[in-house]
Amino acid sequence: MHKPNGRLRLLVDLDGVLYRGMTALPGVGEFFAWVEAAGHAYLLVTNNSLRTQAEVAGNLRRMGVAVDPERILTSAVATSAWLRAQAPGGTRVQALGGSGLQQALFSPGSVFTPDWQSPEWLVLGQDFDITYQKLAAACIAVQNGARFVVTNPDTTLPTEAGLTPGAGAWQAVVTLVTGVQATVIGKPELGIFETALSMMPTEGEVVVVGDRLDTDILAGHRLGATTALVLTGVSTRGEVSAFPVKPDYIFENLRDLVAQWS
Ligand SMILES: [Mg+2]
């Protein structure tokens, strides 16, 4: 059976691939052992903008997975990197989002200035402290000419009780009110993967591993990468036939992937 060749550049999703809730999924240990032994390059790439890289690494450590925080690329970090490439130092940014986004944009030494009066950019991420006032200020900023950027387009955030609003829901509010479309960095758009590749070696087959057809696999396909769907998260085998883009590989879990690729 065909399998990816040589040293790989792996872009691996987090939620639904490495863990679910606070539980590591089957094969995570074998996966990192295989990556290390084979000398593959990897980044863990997540649309979630809420947490900092250190917080994500801490959660992984509690699940028994030791990963350097620099190997974690959140949509917040990717958005900050993308913005740095567009905007000169001192650019005024209004950011709605959690600690992951605030730290990515405004940590000491940052080139950006937080500004809610006359921002040049509006950056929107998942925000558990969203208010009418914040959304109103975001709409007014965009009407006044601020450029509109969204960390990730996920309209929903699944919880045990049901679906709750994600960053894409706030994005929809601002677009409905202003008529302005956002630039989106997270999957299935390519900004986050392009940022990931800029942080990795230039050689090696690019392989995207994810649990969602509509984000991970679609973005991987758009990138021209090899794609592998694992069935430990959102998308099911049954959904594959109805989805226009097919993953190159489908695995029950990471253990299955390692067994077939090593
Ligand atoms: Mg996922």
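A nonpolar core is a set of buried Ala, Val, Leu, Ile, Met, Phe, Trp, Tyr and Cys residues joined through side-chain atoms within 4.5 Å. The legends below use that term for a predicted model.

**View 1. The largest nonpolar core.** This core has 31 residues. L10, L18, F31, L44, L60, V209 and L257 have the most contacts inside it. Several helices and strands give two or more residues each: the strands are β1 (8-12), β4 (41-46), β13 (205-210), β14 (226-230) and β15 (249-251), and the helices are α1 (28-38), α2 (53-62) and α10 (254-261). α1 gives the most, with five residues.

**View 2. The surroundings of V209.** Neighbours within four places in sequence are left aside here. V209 is then in contact with L10, L11, V12, D13 and V17. Its other contacts are A228, V230, L254 and L257.

**View 3. Another core.** Apart from the largest core lies another, of 29 residues. Among them are A76, A95, W121 and A196.

**View 4. Two domains of the protein chain.** Domain 1 comprises 8-47 + 188-261, and domain 2 spans 78-184. Their centres, taken over C-alpha atoms, are separated by 26 Å.

**View 5. The interface of domain 1 and domain 2.** Five residues of domain 1 are in contact with six of domain 2. Together the domains bury about 560 Å², with 61% of it on carbon and sulfur atoms. On the domain 1 side, N47, E189 and T195 supply 62% of the area buried against domain 2, more than any other three residues. One residue pair is in polar contact across the interface. Salt bridges there number zero.

Note on methods. Residues numbered from 1 in each chain as written. Predicted model: local features only at pLDDT ≥ 70, side-chain atom pairs only at ≥ 80, totals over all residues. Heavy atoms only, no water. Buried < 20%, exposed > 50% of the residue type's maximum accessible area, 1.4 Å probe, protein only. Helix = DSSP H or I, 4+ residues; strand = E, 2+ residues; numbered from the N terminus. Contact = heavy atoms within 4.5 Å. Domains from an automatic or database assignment. Buried area = accessible area lost by both parts, 1.4 Å probe. Salt bridge = Lys/Arg side-chain N within 4 Å of Asp/Glu carboxyl O. Polar contact = N/O pair within 3.5 Å; in protein donor to acceptor, adjacent residues only side chain to side chain.
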